[in-house]
Amino acid sequence: MAGQGMAAHELDELNAVDLEAKLREAKEELFNLRFQAATGQLESHGRLRTVKKDIARIYTVVRERELGIRNTPGSDENEDGAA
């Protein structure tokens, strides 16, 4: 269903460039939804909330990667190699 947001485990599989692209798309969609809401053309108000949560989820994944809490795809740190 198109109304579903991204799950955190789906974002884990994306590299930094793909995450940045997803963030840009989500921000653009949020802008368009807000514009529609302001002009009275918005049909699905729940989509606003979903997109906001998607943006927050992306920011969380990016920040956790910066802090080393979450691994970036392709890095083998802390995965099956630790003995």
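Me: Which residue follows α2 and has a positive phi, near 80°?

Reply: First, this is a predicted model, where local features need pLDDT of at least 70, side-chain atom pairs count only at pLDDT 80 or more, and totals for chains, interfaces and linings use all residues. Residues are numbered from 1 along each chain as its sequence is written, and side-chain values use heavy atoms, leaving out hydrogens and water. Helices (H or I, at least four residues) and strands (E, at least two) are DSSP runs, numbered from the N terminus. With that settled, the residue after α2 with this positive phi is Gly40.

Me: What pattern does the chain follow along the sequence?

Reply: The chain has 3 helices and 0 strands. Read from one end of the sequence to the other, the pattern is therefore α-α-α.

Me: How far apart are the end C-alpha atoms of helix α2?

Reply: The expected span of a helix is 1.5 Å times one less than its number of residues. Helix α2 covers residues 16–39, which is 24 residues, so a span of 34 Å is expected. The model agrees with this, as the end C-alpha atoms are apart by 35 Å.

Me: Which residue has a side-chain oxygen that reaches towards the backbone nitrogen of Val17?

Reply: Look at the start of α2, where Val17 offers its backbone nitrogen. A side-chain oxygen comes to within 3.3 Å of that nitrogen, and this oxygen belongs to Asn15.

Me: Which elements are among those covering the buried residues of α2?

Reply: Buried means under 20% relative accessible area, exposed means over 50%, and partly exposed is in between (1.4 Å probe, protein chains only). In α2, the buried residues are Leu19, Leu23, Ala26, Leu30 and Leu33. The cover over them includes α1 (8–12) and α3.

Me: Is Arg70 buried or exposed?

Reply: Arg70 sits in the segment after α3 (45–67). Contact means heavy atoms within 4.5 Å, and beyond its neighbours within four places in sequence, Arg70 is in contact with Ala8, Asp12, Val61, Glu64 and Arg65. Its relative accessibility is 19%, so Arg70 counts as buried.

Me: How many residues apart in sequence are the parts tied together by Asp12 and Arg70?

Reply: A salt bridge is a side-chain nitrogen of Lys or Arg within 4 Å of a carboxyl oxygen of Asp or Glu. The side chains of Asp12 and Arg70 meet in one, at 2.6 Å from N to O. Asp12 lies in helix α1 and Arg70 in the segment after α3, so the pair ties together parts whose separation in residues is 58.

Me: Which residue forms a salt bridge with Glu29?

Reply: Side chains of opposite charge can pair when their charged atoms come close. Here the closest N and O atoms are 2.8 Å apart. Glu29 is in helix α2 and its partner in helix α3, so parts 18 residues apart in sequence are tied together. Glu29 is partly exposed at 29%, while the partner, at 16%, is buried: it is Arg47.

Me: By about how much of a helix are Asp54 and Arg57 separated?

Reply: These two form a salt bridge, with their closest N and O atoms 3.1 Å apart. An α-helix has 3.6 residues a turn, so residues three or four places apart point the same way. Asp54 and Arg57 are 3 residues apart in helix α3, which means a separation of about one helical turn.

Me: Which residues do salt bridges with shared partners join into one network?

Reply: Asp54 is buried, with a relative accessible area of 9%, whereas Arg57 is partly exposed at 29%. Elsewhere, salt bridges that share partners make one network of Asp12, Glu64 and Arg70.

Key. Polar contact = N/O pair within 3.5 Å; in protein donor to acceptor, adjacent residues only side chain to side chain.
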